[in-house]
Amino acid sequence: MNDEVNKFMKLAIEISIKSVDNKGGPFGCIIVKNNEIVAEGHNQVTSLNDPTAHGEIVAIRNACKNLNTFNLNGTVLYTSCEPCPMCLSAIYWSHIDKVYFGNSRNDASKIGFDDDFIYKEFSKDITSRKIPLIQIMNKQAIVAFNKWGKKLDKIMY
């Protein structure tokens, strides 16, 4: 890897180490656009009592706020660990161009962060998952979708 990539990855790793030292989880992340850091984040799940406050999610939220956009096209994410399914989904939804990571999901599993269960759940039929997903009131709920479909000034994302 080139010097810029290594520099940014080292910073993400430093953030993960500081997070551990400050009672956070061992995950750190930065987002870069045009070789400039636009946001950073570290795991704040326990400090915020928010199971979605993973380093990547925090960094994505900060980048969107700092760049005043929901579309992070043209950015690169550097994270200390391979993104979990939630973070990977957020990376896709935010249109980040590329991800560099340090630790693998197998490394994370060895210290108690095992995402394999979630990956396996996604491949199951909706009726076979651990958490029941039960569709109800579709006729009422579809009203919003129908309105959205007809809306001329909608902003797609």
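Is D116 buried, partly exposed or exposed? In this predicted model, D116 has a relative accessibility of 31% and therefore counts as partly exposed. The side chain of D116 meets that of K120 in a salt bridge, with an N to O distance of 3.1 Å. Both residues belong to helix α6, and because they are four residues apart, about one helical turn separates them.

Helix α6 comprises residues 116-123 and also contains E121. With a relative accessibility of 9%, E121 counts as buried, since buried residues are those under 20%. The side chain of E121 nevertheless makes a polar contact, at 2.9 Å, with the side chain of K124. Beyond residues up to four places away in sequence, E121 touches R129, K130 and I131.

Six salt bridges are present in the structure. Side chains of opposite charge can pair when their charged atoms come close. Besides the pair in α6, one of the salt bridges joins E4 and K7, whose closest N and O atoms are 3.5 Å apart. These two residues lie in helix α1 (residues 3-21) at a separation of three residues, about one turn of the helix. E4 is partly exposed, its relative accessible area being 32%, and K7 is likewise classed as partly exposed, at 44% relative accessibility.

A further salt bridge is formed between the side chains of R61 and D50, at 3.8 Å from N to O. This pair links distant parts of the chain, eleven residues apart: R61 is located in helix α3, whereas D50 is located in the loop between α2 (45-48) and α3. R61 is partly exposed, with a relative accessible area of 44%, and D50, at 21% relative accessibility, also counts as partly exposed.

Helix α3 itself consists of 13 residues (residues 55-67); at 1.5 Å a residue it should span 18 Å, in agreement with the 18 Å between its end C-alpha atoms. The buried residues of α3 are G55, E56, I57, V58, A59, I60, A63 and C64. Their cover includes the strands β1 (28-33), β2 (36-42) and β3 (75-81), together with helix α4 (85-94). After α3 comes N68, which has a positive phi near 55 degrees.

On the surface, a nonpolar patch is formed by F70, W93, W148, I155, M156 and Y157, which together have about 780 Å² of accessible area. Of these residues, W148 is found in helix α7 (residues 138-150) and is classed as partly exposed because its relative accessibility is 35%.

Key:
Residues are numbered from 1 along each chain as its sequence is written. This is a predicted model: local features need pLDDT of at least 70, side-chain atom pairs count only at pLDDT 80 or more; totals for chains, interfaces and linings use all residues. Side-chain values use heavy atoms; hydrogens and water are left out. Patches are made of residues with over 30% relative accessible area and no salt bridge: like charges are joined within 9 Å, nonpolar side chains (Val, Leu, Ile, Met, Phe, Trp, Tyr) within 5 Å. Accessible areas come from the Shrake-Rupley method with a 1.4 Å probe; for residues, only the protein chains shown count as cover. A salt bridge is a side-chain nitrogen of Lys or Arg within 4 Å of a carboxyl oxygen of Asp or Glu. Buried means under 20% relative accessible area, exposed over 50%, partly exposed in between (1.4 Å probe, protein chains only). The expected span of a helix is 1.5 Å times one less than its number of residues. Contact means heavy atoms within 4.5 Å. A polar contact is a pair of N or O atoms within 3.5 Å; within protein, one must be able to donate a hydrogen and the other to accept it, and residues adjacent in sequence count only if both atoms are side-chain atoms.
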